[in-house]
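Trainee: Could we go through this model together? I would like to learn how its helices and its core are put together.

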Amino acid sequence: MMSHDRPDLAAKIKPEVPHAARIWNYWMGGKDNFASDRAAGDAVAEVYPEIVQMAVQSRRFLIRAVRHLAAEAGISQFLDIGTGLPTMQNTHEVAQAVDPSARIVYVDNDPLVLVHARALLRNTSPEGVTAYVDGDYHEPELIIAEARKVLDFTRPIAVMFMGVLGYVDDLEVMRSIIDHVMQAVPSGSYLVLWDGTATGEAVAEGSDKLAESGAVPYYLRSVEELAECFGGLHLVEPGLAPITQWRPEGEEEASFIDAHGGVARKP
């Protein structure tokens, strides 16, 4: 359901159990995390210190991708699935800075994220719309039904899965989730996706440490497996690339990192 004021959600937060959204928030320098999250984050960073850079660079990839779609592709509707905790330059802020009338629907099922929903629901422009769906990406029909209340599904929509589908253990299930949502949006829509990739020993060890910490395991994909998720879509330049090398804006962003992403148009 659309989440506007859900005080009951706070009771569902379990500080003693490390959680993906809060661990990610910790790596990005945020304060919405607990000791269990920091311990898990530190365990990963001890063997794979680049995880902190990955967290920051993933947001820079989001900013560049959303800005490209809003400014160059004329996209004014965004469905950000698995959005995580608010941080620097969220999707609605980037999109509405380009197009004040942009409409954004965020989707997440994490209690702490939903507690923060009211902050995300504040538009940066009077013309735009920002809404939140309490939903799990394993239930794409629910997400689509709720998103239809805000977005016009006769016009192109940018569907975003930003580093979240690595928590799906089965590649076919992951592809099915993507396909289900992309089938619901019209021609001219876009898929924006990135995930961690099995492109180094250290990142694999970091993934193991995350699972050992008690957090939900993160399954690294090969670049080839990630490419399969864009099947039937037309990747825009530079195609599927390390997120730091997707239209980089500086030397730091042009470096290699164990995470790949792309933006692709539905024909």
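Mentor: Happily! This is a predicted model, where local features need pLDDT of at least 70, side-chain atom pairs count only at pLDDT 80 or more, and totals for chains, interfaces and linings use all residues. Residues are numbered from 1 along each chain as its sequence is written, and side-chain values use heavy atoms, with hydrogens and water left out.

Trainee: At what angle do helix α7 and helix α8 pack?

Mentor: Helices here are DSSP runs (H or I, at least four residues), numbered from the N terminus, while strands are E runs of at least two. Axes are lines fitted to C-alpha atoms, for helices over the stretch in contact, and angles run from 0 to 180 degrees between N-to-C directions. For α7 (residues 140–147) and α8 (residues 171–184), the axes lie 10 Å apart and the angle is about 30°.

Trainee: Is that pair roughly parallel or roughly antiparallel?

Mentor: Angles under 35 degrees count as roughly parallel, over 145 as roughly antiparallel, 65 to 115 as roughly perpendicular and the rest as oblique. With an angle of about 30°, α7 and α8 are therefore roughly parallel.

Trainee: Which residues of α8 make the contact with α7?

Mentor: Contact means heavy atoms within 4.5 Å. On the α7 side we find Pro140, Glu141 and Ile144, and their partners on α8 are His180, Val181 and Ala184.

Trainee: Which helix gives the most to the largest nonpolar core?

Mentor: A nonpolar core is a set of buried Ala, Val, Leu, Ile, Met, Phe, Trp, Tyr and Cys residues joined through side-chain atoms within 4.5 Å. Buried means under 20% relative accessible area, exposed over 50%, partly exposed in between (1.4 Å probe, protein chains only). The largest core has 48 residues, of which Met54, Leu69, Phe78, Val192 and Val263 touch the most other members. Ten of its residues come from one helix, residues 50–71, and that is α3.

Trainee: What is the relative accessible area of tyrosine 48?

Mentor: Tyrosine 48 sits in the loop between α2 (35–47) and α3. Leaving aside neighbours within four places in sequence, its contacts are Met54, Ala202, Val203, Gly206, Ile257 and Asp258. Tyrosine 48 is buried, and its relative accessible area is 3%.

Trainee: At roughly what angle do α3 and helix α4 cross?

Mentor: The contact between them includes Leu62 and Val66 of α3, with Val94 and Val98 among the residues of α4. The axes of α3 and α4 (residues 91–98) come within 9 Å, and the crossing angle is roughly 35°.
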